[in-house]
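Let's take a walk through this structure together, one piece at a time. Keep the view open and turn it as you read.

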Amino acid sequence: MAVMKVIEVMASSNNSWEEATRNAVKHASKSVKHIKSAFVQSQSVVVNDGDVEEFRVNVKITFEVK
């Protein structure tokens, strides 16, 4: 039986939600090993003068505790 843990990470990108999600996983993987999945809990954008400036995601990352 595996022991799993979930952390919550917020990340952003100037290009897309997909890139923001990749940024979250990439940043988390610097200090967390054995990442198994990521669940995008919420998405939002920053708007300035009617244009989308930044894509933001709140991601739950699941990893195995060894």
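Start with the aromatic side chains: this predicted model contains one aromatic pair. The partners are Trp17 and Phe55, with ring centres 5.2 Å apart and planes at 80°, so the pair is edge-to-face. Angles over 60 degrees fall in that class. Trp17 belongs to helix α1 (residues 17–28) and Phe55 to strand β3, so the pair ties together parts that are 38 residues apart in sequence. How much of each partner is open to the outside? Phe55 is buried, because its relative accessible area of 16% is under the 20% cut-off. Trp17, on the other hand, is partly exposed, at 30%.

Now zoom out to the whole chain. You'll find one helix and three strands, and reading along the sequence gives the pattern β-α-β-β. The C-alpha atoms fit in a box of roughly 50 × 20 × 15 Å along the principal axes. Of the contacts between residues at least 6 apart in sequence, 62% join residues at least 24 apart. The aromatic pair, with its 38 residues of separation, spans that kind of stretch too.

What about the inside? Of the chain's 66 residues, 26% count as buried. In soluble globular proteins, nonpolar side chains tend to be buried together. Here the largest nonpolar core has eight residues: Val9, Ala11, Ala20, Ala24, Ala28, Val57, Val59 and Ile61. Strand β1 (3–13), helix α1 and strand β3 each put in at least two of them. Ala24 is a handy place to look at how this core fits together: leaving out residues up to four places away in sequence, Ala24 touches Val9, Ala11, Val59 and Ile61.

Stay around Ile61 for a moment and pick out His27, which sits in helix α1. The C-alpha atoms of His27 and Ile61 are 11 Å apart in space, with their positions 34 residues apart in sequence. His27 counts as exposed, because its relative accessibility of 54% is over the 50% cut-off.

Next, follow strand β3 (residues 51–65) to Thr62. Is Thr62 buried or exposed? At 17% relative accessibility, Thr62 counts as buried. Setting aside neighbours within four places in sequence, Thr62 is in contact with Met4, Lys5 and Val6, and also with His34, Ile35, Lys36 and Ser37.

Lys36, one of those contacts of Thr62, also leads us to the charged side chains. The whole structure has two salt bridges. In one, the side chains of Lys36 and Glu64 meet, at 3.7 Å from N to O. Glu64 lies in strand β3 and Lys36 in strand β2 (residues 35–48), so this salt bridge ties together parts that are 28 residues apart in sequence. Lys36 is exposed, with a relative accessible area of 53%. The other salt bridge joins Arg56 and Glu54, whose closest N and O atoms are 2.9 Å apart. Arg56 is partly exposed, at 41% relative accessible area.

Over to the surface, then. The chain exposes about 4,800 Å², and carbon and sulfur atoms supply 50% of that area. There's a nonpolar patch here as well: Val45, Val47 and Val52 form it, with about 230 Å² of accessible area together. Val52 is found in strand β3 and is partly exposed, with a relative accessible area of 45%.

Finally, have a look at the backbone in two loops. Most residues other than glycine have a negative phi, and most peptide bonds are trans. Which values does the backbone show at His34 and Asp49? His34 has a positive phi, near 65°, and Asp49 has a positive phi near 55°; neither residue is glycine. His34 sits in the loop between α1 and β2, where it is partly exposed, with a relative accessible area of 38%. You've met His34 already, as one of the contacts of Thr62. Asp49 lies in the loop between β2 and β3 and is exposed, with a relative accessible area of 74%.

Terms used: Residues numbered from 1 in each chain as written. Predicted model: local features only at pLDDT ≥ 70, side-chain atom pairs only at ≥ 80, totals over all residues. Heavy atoms only, no water. Helix = DSSP H or I, 4+ residues; strand = E, 2+ residues; numbered from the N terminus. Buried < 20%, exposed > 50% of the residue type's maximum accessible area, 1.4 Å probe, protein only. Contact = heavy atoms within 4.5 Å. Patch = residues over 30% accessible without salt bridge, like charges linked within 9 Å, V, L, I, M, F, W, Y side chains within 5 Å. Areas by Shrake-Rupley, 256 points an atom, 1.4 Å probe, with all protein chains shown as cover. Salt bridge = Lys/Arg side-chain N within 4 Å of Asp/Glu carboxyl O. Phe/Tyr/Trp six-rings, centres within 6.5 Å; stacked < 30°, edge-to-face > 60°. Core = buried A, V, L, I, M, F, W, Y, C linked by side-chain atoms within 4.5 Å.
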